[in-house]
Amino acid sequence: MADLAPTQNTPGLHISKPSPSEPATASAVCHCGATASAKGDAQVGALVAGWNASHGPAHRE
C-alpha cells in the first residue's frame, strides 16, 4: 500500500484508527503551509474540526 501521509506536494488530511481499542492518529498538511498532527480520538476530532474550519475546504471558498 502507498504511503498516505500528506506532504507539501500532496496536501491533505490522513486519519488512522487500526482498531477500536487503539487511539486514532492524524496528520494534516495544507497547501498554505500549515501542518498538524494529533494522537487520541478527542485530539483527532479537534484537528479535523480545525481543518474543516480553516484549511482544506475553507480555502476553496
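Visitor: What does glycine 56 do just after α1?
Guide: In this predicted model, glycine 56 takes a positive phi of about 40 degrees just after α1, helices being DSSP runs of H or I with at least four residues and strands runs of E with at least two, numbered from the N terminus. Residues are numbered from 1 along each chain as its sequence is written, local features need pLDDT of at least 70 and side-chain atom pairs pLDDT 80 or more, while totals for chains, interfaces and linings use all residues. Side-chain values use heavy atoms, with hydrogens and water left out.

Visitor: And which residues of α1 are buried?
Guide: Val44, Leu47 and Trp51 are the buried ones in α1, where buried means under 20% relative accessible area, exposed over 50% and partly exposed in between, with a 1.4 Å probe and protein chains only. Seen down the helix axis, they fall within an arc of 60 degrees, taken from the directions from the axis to the C-beta atoms, so they line one face of α1.

Visitor: What do they pack against?
Guide: The buried residues of α1 pack against β1 (12-16), β2 (25-29) and β3 (35-39), with contact meaning heavy atoms within 4.5 Å.

Visitor: Which exposed residues are on the face turned away?
Guide: That face of α1 carries Ala42, Ala46 and Ala53.

Visitor: Switching topic, what is alanine 26 in contact with?
Guide: Leaving aside neighbours within four places in sequence, alanine 26 is in contact with His14, Ile15, Ala36, Ser37, Ala38, Val44 and Leu47.
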